[in-house]
Amino acid sequence: MARLTTVFTCSACGHEEPKWHGRCAGCGEWNTLAEEKRAPAPARRGGGGGGRSAEPGEAVRPVRLAEVQAIQVARLQTGIGELDRVLGGGLVPGSLVLLGGSPGIGKSTLTSMALGNLAGAGRRTLYVSGEESAAQIKLRAERLPGAALDVPVLAETDLDTVLATLDAERPEVCVIDSVQTLHAGDLTGAAGSVGQVREVADRITRLAKARDIAVLLVGHVTKEGSLAGPRVLEHLVDCVLQFEGERERTYRTLRALKNRFGSTSEAGVFEMRQGGLVEVQDASARFVGEATRAPGSVVLAAMEGSRPLLVEVQALVSPSELVPPRRVANGIDRNRLALVLAVLGRHAGVGVGSADVFVNVAGGVRVDEPGADLAVALAVASATRGIVAGAGARPIACFGEIGLTGELRTVAHPERRLAEAAKFGLAPIVTPAGAGRGAAEAATLRDALRAGLGAAPAARAA
Ligand code: TYD
Ligand code: MG
């Protein structure tokens, strides 16, 4: 395969550049340089070695993967352990990371802290904000630890100005907060529209790749949970991070939805404090410590990426005058709650009838895994019957997926979940069959309820 070279050609005057520029050096026009792949001039022959051909169209000996030279990239450590871990070991120079999350979740705080640490470590940084004035950004930075005040800021919404500044300043790491607030002047449509967002991200990507700038693109998500507009960016960027949690609560989780340079099974837990975001390394201990010993409360042995995490799941079942009654799910999927309620009624003799049902994962944590089913079922059954789950002084823990025929199904990493529960003295832990030592295994939801709630009298429908 002939090696192609990249040139950037001005669509206005035809001027050529080896690298991308915001402005054409030939005619002075902005954003007219377009990337082109060219085959090299057929003059050089035989210089390549290793079977590489100099002539286009000539056969080439493919290289065994083991002989391919691995590219070693030195990652940029943000100094925020949980963020670096989710990224796969830090930021890759020249990469594009999209950080999504609902307004107020802490995206600006997280990115300001990351840039502050990088600036403190002597890296060139730039914080571009189209949302806040420089004074507002400073107010935030004053609350944050580290060198957050050393980060240069640019409060600007015009894309061309931002690109020109990036080109002139050449930071190693740059934050664009947010991609929806920048506006490409030559394009119709309001800032934040799909066309604008795509154009903004596309031009930033080209400049970032050409200049080796690691870019953290902040994007707002809509109520439906999808990255509004930024959805179209997911294929363009190298890494998509999602910052989740509830604004009023203190805990937030950071997850990778896509990562070209690392795994997507990592997640980090943070707490929003007065002085910014604090990494929570002992999240299980906190949640177990805060768990109540009241009817309607159980502990779920969940997985946050590759780490086990114990969280409290609470349920409240109360008579309702509403038709249809309320089904409120915080931290779990609403459809999953409907499924669990249906199976509880049909196969386990726990009918909630026309009562309102509220289910909540404490601390504002979100658990999006089928392993949460059993905890939801146990919490609802415990609330319906008014019985405290588990016998001892410690709360009862469980995990498992519930099938439509009332069976309990295995979920990933039972041994890690069991070990985490054991670490906090939560035993026995109710699990699907075959989970391993220390588990009170149950084949069906009915069996699991018996193990968790004891030999309760026949359920009374609410
Ligand atoms: P912010 O990072 O501005 O959220 P986003 O950029 O995602 O919209 O911060 C969100 C909230 O965090 C805000 O309501 C104030 C609060 N906060 C703290 O509690 N402590 C702090 O140190 C900072 C900087 C913010
Ligand atoms: Mg913000």
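In which sense do S15 and S16 pair, and over how many bridges? Keep both strands in mind; the tour returns to them after the ligand. The model on screen is predicted.

**Stop 1: ligand 1 and its shell**

Select ligand 1 and the residues around it. The shell holds 16 residues, and the closest are Ser108, Thr109, Arg273, Gln274 and Gly276. Colour the shell by residue class: four of its residues are nonpolar, eight are polar and four are charged.

**Stop 2: polar atoms facing the ligand**

Show Gly106 with its backbone atoms. A polar backbone atom of Gly106 is 2.9 Å from an oxygen atom of ligand 1. Next, add the side chains of Arg140 and Arg143. Arg140 places a polar side-chain atom 3.3 Å from an oxygen atom of the ligand. For Arg143, a polar side-chain atom lies 3.2 Å from a nitrogen atom of ligand 1. Now turn on the surface: on its own the ligand has 560 Å² of accessible area, and the protein covers 77% of that.

**Stop 3: the pocket and the elements around it**

With the surface still on, look at the space that ligand 1 takes, which is the second largest pocket. Then switch to cartoon and select helix H2 (107-120), helix H3 (134-143) and strand S11 (267-273); these are the elements that give two or more residues to the shell around ligand 1. Which of the elements gives the most to the shell? That is H2, with three residues.

**Stop 4: the seven-stranded sheet**

Leave the ligand and select the strands S15-S16-S14-S13-S17-S20-S21, listed here in their order in the sheet. The sheet is open and its pairing is mixed. At its edges stand strand S15 (327-330) and strand S21 (439-442). Each of these two has a single partner strand, so one side of each is left without a neighbour in the sheet.

**Stop 5: S16 and its two partners**

Centre on strand S16 (residues 356-361) and strand S14 (residues 307-318), which run antiparallel and are joined by six bridges. To find the register, label Leu316, which stands opposite Phe358 in S16, and Ala315, whose bridge partner in S16 is Val359.

Finally, turn to the pair from the opening question. S15 and S16 pair in the parallel sense, over four bridges. Label Val328 here: its bridge partner in S16 is Phe358. Keep Phe358 selected to see both pairings at one residue, with Leu316 opposite Phe358 and Val328 as a bridge partner of Phe358.

How values were computed:
Residues numbered from 1 in each chain as written. Chains lettered and ligands numbered in written order. Predicted model: local features only at pLDDT ≥ 70, side-chain atom pairs only at ≥ 80, totals over all residues. Heavy atoms only, no water. Near = heavy atom within 4 Å. Polar contact = N/O pair within 3.5 Å; in protein donor to acceptor, adjacent residues only side chain to side chain. Areas by Shrake-Rupley, 256 points an atom, 1.4 Å probe, with all protein chains shown as cover. 1 Å grid on protein atoms, 1.4 Å probe; cavity = no way out; pocket = protein on both sides within 12 Å on 5 of 7 lines; lining within 4 Å. Sits in = over half its atoms within 2 Å of the grid points. Nonpolar A, V, L, I, M, F, W, Y, C, P; charged D, E, K, R; others polar. Pairing = 2+ DSSP bridges.
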